[in-house]
Amino acid sequence: MTFTMFSTPWCGYCHRLKSQLDREGIEFSMVDIEQQPEGAFTVEQANGGNQTVPTLLFSDGSTLTNPSVAQVKEKLAAIS
């Protein structure tokens, strides 16, 4: 996997981004930060202590918070 999406079940932005990524055929793994508290810690580290989702963690260790599909594609191209 090239990145992990940290989300919650009630996050509309997460659902929208997931469906857009699925449509584009972009593979990723999902972590529900309510079910996996260690994921919440990762999100807080990336967002100044806030549990802002969706937060994407890429294979190079960088993150994007609530990105567009275009931003995700740009990032994937840059790290591939």
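## Notebook: a four-stranded sheet and its helices

**Entry 1, strand E1.** I began with E1, and it is mostly covered: five of its five residues are buried. A reminder to myself before going on: this is a predicted model. I then looked up which way the side chains of E1 go. Phe 3, Met 5 and Ser 7 point one way, while Thr 4 and Phe 6 point the other way, and all are buried. That fits the textbook picture, since in a regular strand the side chains alternate between the two faces of the sheet.

**Entry 2, Thr 4.** I wanted a closer look at one residue of that strand. Thr 4 sits in E1, which spans residues 3–7. Is Thr 4 buried or exposed? Its relative accessible area is 17%, and the cut-off for buried is under 20%, so Thr 4 counts as buried. Next I asked what the side chain of Thr 4 makes a polar contact with. The partner is the side chain of Ser 29, at 3.0 Å. Setting aside neighbours within four places in sequence, I find Thr 4 in contact with Ser 29, Val 31, Thr 55, Leu 56 and Leu 57.

**Entry 3, the sheet.** Now for the wider view. In what order do the four strands of the open sheet come? I read E2-E1-E3-E4, with mixed pairing. The edges are strand E2 (29–32) and E4, each of which pairs on one side only. On average, neighbouring strands here are turned by 20 degrees against each other, direction ignored.

I went through the pairs one by one. As background, strands of a sheet pair through backbone hydrogen bonds, either parallel or antiparallel.

- E1 and E2 run parallel and are joined by four bridges; Ser 7 has Asp 32 in E2 as its bridge partner.
- E1 and E3 are antiparallel, with four bridges; here Met 5 stands opposite Leu 56 in E3.
- E3 and E4 are antiparallel too, over three bridges; Leu 56 has Leu 64 in E4 as its bridge partner.

I noted that Leu 56 turns up in both of the last two items, opposite Met 5 and as partner of Leu 64.

**Entry 4, helices on the sheet.** H1 packs on the sheet and touches E1, E2 and E3; its direction makes about 150 degrees with that of E1. H3 also packs on the sheet, touching E1, E3 and E4, and its direction makes about 10 degrees with that of E3.

**Entry 5, helix H3.** Which residues of H3 are buried? I find Val 69, Val 72 and Leu 76. They cover an arc of only 60 degrees around the axis, so they are on the same side of H3. The general rule helps me here: an α-helix has 3.6 residues a turn, so residues three or four places apart point the same way. On the other side of H3, I see Glu 74, Ala 77 and Ala 78 exposed. The cover over the buried residues of H3 includes E1, helix H1 (12–24), E3 and E4.

**Entry 6, helix H2.** I did the same for H2, where Gly 39, Ala 40 and Val 43 are buried. Looking down the axis of H2, these fall within an arc of 105 degrees, so they line one face of the helix. Pro 37, Glu 38 and Gln 45 are exposed on the other side of H2. The buried residues of H2 pack against E1, E2 and E3.

**Entry 7, backbone oddities.** I collected three spots. Just after H2, Gly 48 takes a positive phi of about 60 degrees. Further along, a cis peptide bond joins Val 53 and Pro 54, with omega about 0 degrees. Pro 54 lies in the loop between helix H2 (37–46) and strand E3 (55–58). The third spot is Asn 66, whose phi is positive, near 45 degrees, although the residue is not glycine. Asn 66 belongs to the loop between strand E4 (63–65) and helix H3 (69–79). With 34% relative accessibility, Asn 66 counts as partly exposed.

**Entry 8, cysteines.** How many disulfides does a search of the whole structure find? Zero. For the record, a disulfide is a covalent bond between the sulfur atoms of two cysteines. I also looked up the accessibility of two cysteines: Cys 11 is buried at 5%, and Cys 14 is buried at 3%.

Definitions and conventions:
Residues numbered from 1 in each chain as written. Predicted model: local features only at pLDDT ≥ 70, side-chain atom pairs only at ≥ 80, totals over all residues. Heavy atoms only, no water. Buried < 20%, exposed > 50% of the residue type's maximum accessible area, 1.4 Å probe, protein only. Polar contact = N/O pair within 3.5 Å; in protein donor to acceptor, adjacent residues only side chain to side chain. Contact = heavy atoms within 4.5 Å. Disulfide = S-S within 2.5 Å. Arc of directions from axis to C-beta. Pairing = 2+ DSSP bridges. Axes fitted to C-alpha atoms, helices over the stretch in contact; angles between N-to-C directions.
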